[in-house]
Each structure stands twice: as C-alpha cells, then as structure tokens.
Protein chains: 2
Amino acid sequence: MPTTTPPALPEGGLRIVALGGIGEVGRNMTVFEHAGRLLIVDCGVLFPEDDQPGVDLILPDFRAIEDRLEDIDALVLTHGHEDHIGAVPFLLKLRPDLPVVGSRFTLALLTAKCREHRQVPKVVEVKEGELRSYGPFDLEFFAVNHSIPDALAVAIRTPAGLVLHTGDIKLDQLPLDGRLTDLAGFSRLGDEGVDLFLVDSTNAEVPGFVVPEREIGPVLDNVIRKASQRVIVACFASHVHRVQQVLDVAVAHGRRVALVGRSMVRNMGIAAELGLLKVPNGLFVDLDEAMRLPENQVLFVSTGSQGEPLSALSRMARGEHRQISIQAGDTIVLASSLIPGNENAVFGVVNGLARLGATVVHQGNAKVHVSGHSPAGELLFLYNAVRPSNVMPVHGEWRHLRANAALAVSTGVDEEHVVIAEDGVVVDLIDGKAAVSGRVVVGHVYVDGLSVGDVGESTLSDRLVLGEGGFISISVAIDTSNGRAVSPPTVSGRGFSDDPKALDQAVALVEMELSRTEAEGITDTHRIAQAVRRVVGRWVAETYRRRPMIVPTIIAI
Amino acid sequence: MPTTTPPALPEGGLRIVALGGIGEVGRNMTVFEHAGRLLIVDCGVLFPEDDQPGVDLILPDFRAIEDRLEDIDALVLTHGHEDHIGAVPFLLKLRPDLPVVGSRFTLALLTAKCREHRQVPKVVEVKEGELRSYGPFDLEFFAVNHSIPDALAVAIRTPAGLVLHTGDIKLDQLPLDGRLTDLAGFSRLGDEGVDLFLVDSTNAEVPGFVVPEREIGPVLDNVIRKASQRVIVACFASHVHRVQQVLDVAVAHGRRVALVGRSMVRNMGIAAELGLLKVPNGLFVDLDEAMRLPENQVLFVSTGSQGEPLSALSRMARGEHRQISIQAGDTIVLASSLIPGNENAVFGVVNGLARLGATVVHQGNAKVHVSGHSPAGELLFLYNAVRPSNVMPVHGEWRHLRANAALAVSTGVDEEHVVIAEDGVVVDLIDGKAAVSGRVVVGHVYVDGLSVGDVGESTLSDRLVLGEGGFISISVAIDTSNGRAVSPPTVSGRGFSDDPKALDQAVALVEMELSRTEAEGITDTHRIAQAVRRVVGRWVAETYRRRPMIVPTIIAI
C-alpha cells in the first residue's frame with residue numbers, strides 16, 4: 001500500500017501507529033499520540049525468516065518518531081519477552097533518558113539486556129492496580145497471565161477516550177502463581193466504557209481454550225519417573241513457570257539440576273532472586289558437578305528448544321557437545337512450542353537425538369507444552385468483558401488479525417469499528433470512532449553483526465541469489481589504450497559446481513568475446529564487463545539451466 | 001557411521017539396502033538381493049531443505065548398484081507419488097529396458113513423467129491379487145489405501161523367506177472408492193508366516209487413527225455453501241479422491257470447475273480417462289471461460305497448496321496472477337497437509353490472501369485435510385494382522401523409525417528382531433533372522449538445473465556462506481617480476497552492505513598490504529592472495545562482525 005501522509009491529528013484525538021508487530025509476529029511497538037505528546041508501548045525485535053539470510057535481528061522502524069524523540073513521555077513494557085523488549089537498547093541509543101515503565105521482572109530482564117549494551121535504563125517499576133501519568137497519558141496497569149511471569153496490560157486514558165492494550169495475554173484460570181489475568185478489572189473498564197481495545201491476535205485462528213500450565217507438571221512427572229538415565233529438558237529461557245515445574249519434578253525424583261545455556265542461567269538467576277522461581281537449597285549444581293553425578297540423579301534444563309544450531313542441545317544432537325554426550329536410553333524433553341519456520345531445525349535436533357538412541361518427548365507426542373496466547377474461546381471472554389466500541393487486533397500476521405476481527409464482530413462489535421491496521425497504518429480515535437487516516441513508512445531495519453541498517457533489501461536480494469546459485473567471477477586486465485587483454489581471463493566459481501572443469505568452456509568463450517571487443521575497438525571497461533557478463537550468463541543458462549551471479553572485474557592497466 | 005563393506009551374502013540369504021527413504025522422508029528406494037539377482041521397490045525423489053539451497057531435487061544414490069545394472073530383474077512401484085516414482089527416469093537412463101511393474105494409475109503417471117524425459121518405459125501392469133515372478137523373486141500384490149488411488153503393497157517370496165513391503169499405507173475403513181487396504185490378505189500372509197515386514201513409519205509418532213477421507217466432503221460442502229463469490233480449492237495434484245469430493249460439492253452448488261496448474265490438469269486428465277475421477281459432462285471449463293462466469297458459479301481447483309512461489313496460488317496471493325485477482329470476500333481452501341519446512345511459504349500465501357480480504361480455510365482452522373499415512377493406532381492393526389518375525393521400519397526420519405520400532409515391539413515382536421537401518425545400512429535376512437551386516441555409501445545426489453551430481457557438499461557449503469554473508473572480492477594486477485601492483489586494487493562486495501562506502505577502508509588496507517608484500521619481495525600470486533584475504537577478513541570481522549566470503553583474484557602480468 002502506498003504511503004499517504006496522514007492529516008494533522010485533530011485536537012482531542014488520539015493517534016495510534018504500530019512501528020512493528022502488526023502483520024507479523026514480533027518486534028511489537030505501538031506509538032500513541034495525543035496533544036502533541038507520544039507514549040510508546042513495547043519495543044521488541046523480530047527474528048528473521050528464510051528470505052532475510054544472514055540477518056541477526058529485525059528492529060521496528062523508528063523513522064516515524066526519530067524527529068520527535070523529545071515528545072515521547074514514556075515507554076511502557078507489557079512483559080519481558082524479546083519481541084517486546086529486545087529493541088529497547090536501540091531506542092535508548094536515540095533517547096537515553098526515556099522513562100521505561102514496567103513490572104519488576106520485566107525491568108530486571110531489561111536491565112540485564114541493557115547491561116550488555118553498556119546502558120543503564122531509567123526504569124520506573126509498576127505493579128498491577130497502580131496508576132501513573134506521563135504527559136497527557138493516564139495509565140492503569142492490570143495483571144495478565146502469559147508464558148512469562150509479571151506480565152501487564154495497560155489502560156491509557158486521555159481526553160480522546162479510554163484505550164486498553166492487552167499485550168500478550170491468556171486466561172489460564174488456574175495459573176501456577178495464582179496471578180490471574182484481571183478479567184474483573186477489564187469488566188470494570190468495560191462498565192466505564194472502553195473506546196478502543198487492542199487485542200493479542202496470535203492464537204485467534206485456534207479454537208477453544210488453553211489447557212492450564214499446571215497440567216504440564218504431571219506429564220513431565222510421568223516422563224521423568226520412567227527415566228533411568230540422564231534427563232534433559234529444553235524450554236524457553238524466560239518460561240519461569242515451566243522451569244519451576246521441571247524443578248519440582250526433579251526434586252520428586254531425587255535428581256539435582258544443572259542449567260545449560262547463558263540466557264537460562266541468567267534469567268533463572270533473576271527469577272530466583274525475585275522470588276518468582278522457588279529453588280530448594282542445594283538443588284542446583286554446575287555442569288562439571290552434574291557430569292560427575294550418577295546418571296539417574298541429574299537433570300539438565302537447557303535452552304535450544306527451537307533447534308538453534310549453536311545451542312547446547314543442537315551440539316548434543318550432533319554429538320559435538322564438549323561435556324554432554326547423549327547415550328542410548330537418555331531422555332530428552334522439548335517442553336516448548338514449535339515456532340513456525342523452525343520445524344526443520346527442531347526436527348533435525350529430534351532426529352539427531354533419536355539416532356543416538358535417546359527417547360525424545362516433544363509436543364508432537366506428549367502434552368509437554370501449552371501456548372501463552374488466548375485462542376478464540378478465550379478471546380470471546382475478553383471481548384464480552386471489555387465490550388469495546390472500537391477494536392484493533394494487534395500482535396499477529398494477517399491471518400491472525402482477520403480471525404481476531406471476526407471474533408470481535410461475533411460478540412457484537414460493529415464491523416465498521418473494527419480496524420485492521422498493519423505496521424505503519426495510522427489509526428485515529430476521534431469522537432469515539434477509530435478509523436484509518438493514512439500511512440507512514442515502516443520498513444524492515446536489519447541488524448547484522450555490529451551494524452544496524454546498512455543491510456537492506458538490495459543486499460538481501462543479492463544474498464538470496466548467491467545462496468541459490470553461487471557466483472562466477474571473471475577477472476581480466478585490459479590495456480585501455482587499445483582494449484587488449486594483457487592476461488588470460490581468470491574465470492572461477494564459488495557455490496556453482498564441485499566439478500573443477502565446470503567452467504573450462506567459459507574461459508574460451510570469454511577469450512573469444514575479448515578478442516571481439518578488442519577488434520571492435522572497445523576500450524571502456526564497463527562495456528567490456530557487460531559483454532563478458534552477457535556471454536557467460538547466456539552460456540551458463542543454456543548449459544546448466546542455473547542462475548549464478550555473474551561478476552566480471554575488468555582491471556584497467 | 002563409517003562404511004563397512006558387508007560380507008558376501010550367504011547362499012539362501014536375502015539382502016535389503018535402502019538407497020534412499022530411511023532416515024528421511026522422500027526418495028524411497030529399496031534394493032532386494034537374492035541369489036545374485038536384484039529387485040528394486042520404488043525410486044523416488046526428495047525435495048531439498050534450507051541447507052541444500054538452489055537444489056531442485058535429490059535422487060537416491062545409485063552407486064551401490066551401478067556396476068550391477070544387468071542384475072536387476074524388475075523395478076516395482078508401489079504408487080505414483082513423486083517420492084516413489086520421481087527418480088525413475090534417472091534410473092532408466094542407466095538401464096532403459098528395465099521392467100517397471102505397477103498398477104494402472106501409477107504407470108500412467110510414470111509414463112507421463114517419462115515422456116517429459118523423452119523416455120518410453122517398459123511397463124508391466126499389475127493389479128491387487130496378482131502374482132508375478134522376476135528372477136528368483138515371486139511377487140504378490142495387495143490393495144493399499146493411501147492419498148492417491150491404486151496403491152499397492154508387495155509381498156516378495158524367495159527361498160530366504162516371505163517379505164512384505166507396505167509402501168505408503170493407511171487403513172481408511174470407509175474409503176471413497178471402496179478399495180480397502182487388504183488387511184485380510186495381510187492376515188493370510190501372517191498365517192503363512194512373514195519373515196520380514198517393511199512398514200511405513202511416517203505417522204508412527206501420531207497417536208490414534210486417521211479420520212476417513214469421506215468426512216472432508218461435508219466440511220467442504222459447508223464452506224462452499226456459504227461462499228457468495230469465487231472459490232479456489234488448492235490441494236495435491238495427485239489426490240484424486242480429494243478432487244472428486246471438491247467436484248461433487250461444486251456440482252451440488254451449481255459451480256463449474258476450472259483446473260489450474262500444469263500437474264493438476266495432467267493428472268486429473270489421466271484419472272478421468274482411467275475412470276478414477278468421475279466428471280459430469282460439461283463440469284470442466286477452461287480458465288478463460290471460468291473468468292467470464294458469474295463469481296458464484298465457478299470454482300477453481302489449483303496446485304500451490306505448499307506455498308510454492310511460482311504456483312498460481314502464490315501469484316494470486318501476491319496479486320501477480322495474470323488472470324485471477326483475489327477480491328475481498330473470495331473463499332480459498334487449502335485442502336492439504338502442511339509439509340514440515342513449508343510453513344513459512346504456506347502461511348505467507350495465507351497471509352497474502354487474508355490481506356486481500358479473502359476468507360482462507362486451511363487445516364489449522366477446519367477439518368479440510370486428513371493424512372495418507374497410518375498413525376500409531378492403525379500400525380498396531382497392521383502388526384497384529386501380519387505377526388512378522390522381523391520388522392524394518394521404512395519411510396521416515398529417525399524419530400519416526402524409533403516410534404514405529406517401539407510399536408512393533410509393543411505388539412510382541414522381539415526387540416532383537418526389529419532392525420532400524422537408515423539409508424545404506426545393509427540388512428541380511430538369513431535363517432529367519434534379519435540383522436545389519438554392513439554399510440554401503442549412500443550420499444545425496446543433487447539435481448540442479450540440467451546437471452546431476454556436480455553440485456555436492458562443497459558447493460552447497462559455499463552457497464550457505466554466500467547466502468548468509470555475501471562476498472567481498474579484491475582484484476588486482478601484479479607485475480610478477482617484482483611483485484608490484486600495476487593497478488589500484490578493486491574491492492567490491494555483493495550481498496554485503498547497501499552502503500556504497502562500506503568497503504572504503506578496506507581499499508586502503510589492501511594497498512598497504514600490497515606495499516608490504518612488494519617490499520618483502522613476494523611475487524607469488526597465491527601468497528599475495530592469502531595476504532590480502534587475511535587482512536580484509538580480519539578487518540571485516542572486527543569492523544562489522546560478519547563473515548562474508550573473501551575472494552581475492554591476483555592477475556599476473
């Protein structure tokens with residue numbers, strides 16, 4: 001869709017623009033504007049897909065706010081997942097003194113992350129039930145249940161109306177920590193009148209309800225009870241309640257626990273310190289000690305549940321881990337979701353472990369995972385509690401947004417008041433009605449190694465071509481006084497063929513072509529390069545039906 | 001695992017080696033040897049994964065039989081899917097007169113495929129219940145239900161014993177065509193005594209039973225009944241029964257049908273000709289005519305259910321199809337599985353269609369697909385019918401093989417008689433006991449464009465590096481009499497950065513390095529190239545923390 005400059009925001013209106021997170025799953029960042037001031041909710045990263053090779057992270061696109069950094073009154077973080085906090089250090093580089101508002105655990109994770117970027121964020125700790133004001137934005141926080149402790153939803157009151165943003169949410173009615181999503185609070189807001197409801201769409205296509213997290217415990221117990229050798233449980237490094245259940249089962253079966261993976265060690269350390277993870281004295285052992293324990297008295301809690309190739313679990317599956325070598329009869333549990341796109345990597349790990357003789361338990365063959373996001377049945381509860389006049393589905397791809405919108409309509413929200421707005425689409429809430437008013441540019445901002453932003457679509461498109469077909473380079477030195485080659489051409493390929501003779505024919509063709517350009521008196525190196533590229537490109541297409549990149553270099557002597 | 005030359009096969013023994021299909025899903029090909037003669041069951045292709053970029057197809061590795069082509073008595077095809085017949089033309093190139101034995105529909109699909117390779121296979125049509133002998137191999141064929149019509153299992157009798165190979169199988173008890181998997185026949189074989197049972201492992205990890213194919217019809221009916229505009233149903237081009245149900249629903253709702261996609265048109269033409277697909281007169285229209293029909297009187301049956309980027313459906317999702325442009329309110333049904341690894345592509349298509357306003361129905365939100373492979377519950381029925389003395393799980397990755405082996409053991413097969421053998425592992429059936437006797441080399445044979453086999457692991461590994469980080473090339477002409485550069489070095493990158501100044505610093509470093517090598521009297525172009533590679537590699541790692549391929553070309557003048 002083309003960019004259409006949105007009109008000036010009428011006085012008393014509220015403007016909402018997502019700089020990430022709508023039309024995709026990740027890099028959530030929503031900007032609210034009222035009376036010339038800005039409030040940001042979340043600032044996360046997105047992990048790259050196959051068509052974004054070599055990219056480490058994708059950031060929200062800050063362009064729409066980079067001239068207005070001083071107008072931002074606060075950044076609110078709903079919870080501590082990477083797709084909600086991962087890009088904060090990049091925003092703080094632009095505005096180091098920005099107040100960052102969030103719950104205790106969220107801010108502890110953020111502070112640890114910022115430390116790696118050598119930043120000390122200016123944090124403001126809040127709890128459910130609390131009220132805070134930043135500029136014209138009066139905020140109220142609500143407890144929310146999700147796959148990480150201490151998540152919040154935020155209500156934003158301005159003269160334009162009352163907005164409720166769920167963040168990531170589900171409605172586990174028997175949460176492990178007893179901290180329910182505050183549906184009663186949402187209902188109270190509903191009584192007051194919610195003008196705009198931004199709702200997590202991730203599971204909107206999935207019918208029904210999520211099974212309580214606490215039902216995982218007995219399944220883990222059953223698996224680990226039967227294990228006579230080593231047990232390794234992999235899960236997300238921020239899923240404190242999942243790890244808690246693993247620890248409880250370990251205790252029940254007389255196993256001590258070693259944490260494996262940097263983020264697991266770090267996050268569980270923070271969780272234990274804040275009292276969110278209960279660790280009996282002496283339960284944890286370090287890896288060296290764990291390796292000395294009898295096999296039936298140890299359990300490893302590891303990262304790598306998404307098949308990340310450098311993770312400890314992947315290395316174990318390849319038989320390349322420095323300390324832990326998988327034995328036939330070991331038990332490995334992937335107590336985690338399978339994020340779409342990671343299937344090959346995850347099943348690669350499962351197959352590697354199975355090949356070594358391990359028993360591998362995963363969500364495909366046992367109930368060792370539940371989602372952290374409300375599916376359709378729970379979303380209906382949310383809509384009926386909040387009874388919003390306008391709805392804007394967030395956090396999801398188009399298929400999720402459409403499904404969520406349909407759910408809103410099914411509960412009685414006027415179809416005209418359900419706004420599907422992907423990243424960059426400007427939504428204005430004016431006189432109680434939310435509607436699209438324009439669009440700002442929101443592109444992909446890639447982090448590759450130490451640089452942000454210098455890898456763009458053109459570089460990625462080159463990488464895709466190179467990754468599919470490799471390249472053929474032709475280098476030759478030309479005397480530009482007469483267009484004569486002063487050396488035989490060097491033709492070589494990488495990623496093209498294993499056959500050392502594959503390009504022999506091409507050398508002769510290039511030599512013929514160079515004789516021709518010389519005969520025609522062509523001395524311009526660009527024209528010679530073009531001629532060489534054409535002749536090699538045509539030859540390779542006809543001979544091999546392949547499309548390597550053709551890279552001529554003509555050196556002028 | 002290392003290759004260990006298997007011992008000579010003792011007289012009276014039967015040897016089994018898979019040249020593809022075990023330890024992976026695809027390129028199924030099993031070689032049976034007895035009394036110096038060979039019988040092959042299936043010869044399919046495997047589709048490449050992310051770590052095999054640019055590859056079109058992967059073939060079974062024929063090396064183990066290429067010196068024994070004349071020993072092959074026959075090739076038996078169990079059914080017409082690509083992973084069972086796709087590599088036949090490549091085998092026929094080596095042995096054009098090889099008898100190819102299969103059912104009518106299987107052979108019709110094979111013949112169409114061979115025509116594209118300008119081959120006319122020597123086919124032998126068989127039906128369930130028939131007996132044939134090839135050399136020492138006495139074959140008996142059994143009806144099998146699968147996601148393609150006319151599938152067969154094959155029993156192989158030799159003096160070494162009775163072997164039963166299921167091919168791909170499921171036990172739909174109410175198949176659309178009434179053609180049940182011949183469990184009664186399998187039981188009769190069981191009474192006779194099955195010495196070795198090769199069993200489809202694809203769904204061994206999945207508990208329970210497959211819902212009958214015919215239950216898809218009412219779901220499709222319900223979706224299409226509600227549609228007021230165009231309907232597009234995408235499914236596999238060989239799934240005749242699925243298409244039959246779509247046609248029946250189209251008839252019921254007064255819609256005419258256009259087939260979209262070359263393989264869909266071809267296969268349904270064959271199926272209709274053989275009486276496997278019942279098409280009422282006048283139901284089919286061509287695409288042009290379909291486009292002129294009122295929107296609620298037309299239905300398209302299309303390929304592209306796996307998100308293939310060049311398919312009609314993907315083009316529609318991107319708004320790039322020449323004839324069909326998706327309108328808000330159109331209905332698209334993906335009546336197909338989601339093959340692991342294709343999730344991003346498929347959901348990309350779903351999101352593209354949802355963004356255009358279409359209603360997209362897929363197996364994630366409606367029961368519009370059932371699998372073609374027996375899950376655990378059905379496999380137990382098979383084991384209990386056949387009561388084999390030895391079992392060899394086939395058709396699956398390690399996780400599937402292990403799960404299938406566990407099922408066999410649970411029905412009473414002696415654990416010592418369950419052989420998990422991946423590709424290349426040699427299994428000998430001697431005196432009623434199957435056991436691993438060695439291993440032959442089975443590698444990946446890649447087809448890329450017109451060539452087979454010249455793309456190998458080294459080319460793929462280069463492609464992976466290039467795809468992740470692009471390359472930086474440095475070209476310079478050197479006077480080899482004194483090691484002096486006769487031109488400034490050309491440093492350029494592709495797939496490295498969008499920033500035109502990204503490599504400016506590197507040029508100066510290369511110039512300094514060339515001065516150094518000259519000063520040290522280095523005139524050898526290889527040593528100069530190494531020096532340049534080192535200095536640029538170090539600079540880029542430190543400055544960018546990236547790993548592009550560094551490609552120096554030193555031209556000797």
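A salt bridge here is a side-chain nitrogen of Lys or Arg within 4 Å of a carboxyl oxygen of Asp or Glu. Between chain B and chain A the count is eight salt bridges. The model is predicted, so local features need pLDDT of at least 70 and side-chain atom pairs count only at pLDDT 80 or more, while totals for chains, interfaces and linings use all residues. Residues are numbered from 1 along each chain as its sequence is written.

**Interface of chains B and A**
- In one salt bridge, A:R355 pairs with B:E422, and the closest N and O atoms are 2.4 Å apart.
- Helix 13 (457-469) is among the elements of chain B that give two or more residues to the side touching chain A.
- Helix 13 of chain B gives the most to that side, with nine residues.
- Each chain enters the contact (heavy atoms within 4.5 Å): 67 residues from chain B and 67 residues from chain A.

**Helix 14 of chain B**
- Helices are DSSP runs (H or I, at least four residues), numbered from the N terminus.
- Helix 14 covers residues 504-519, 16 in number, and reaches 23 Å from its first C-alpha to its last.
- B:A506, B:V510, B:E513, B:L514 and B:T517 are buried, meaning under 20% relative accessible area (1.4 Å probe, protein chains only).
- These buried residues fall within an arc of 105 degrees seen down the helix axis, so they line one face.
- The arc is taken from the directions from the helix axis to the C-beta atoms.
- B:Q505, B:M512 and B:A519 are exposed (over 50%) on the face turned away from the buried side.
- Just after helix 14, B:G521 has a positive phi of about 75 degrees.

Key
Chains are lettered from A and ligands numbered from 1 in the order in which they are written. Side-chain values use heavy atoms; hydrogens and water are left out. The expected span of a helix is 1.5 Å times one less than its number of residues.
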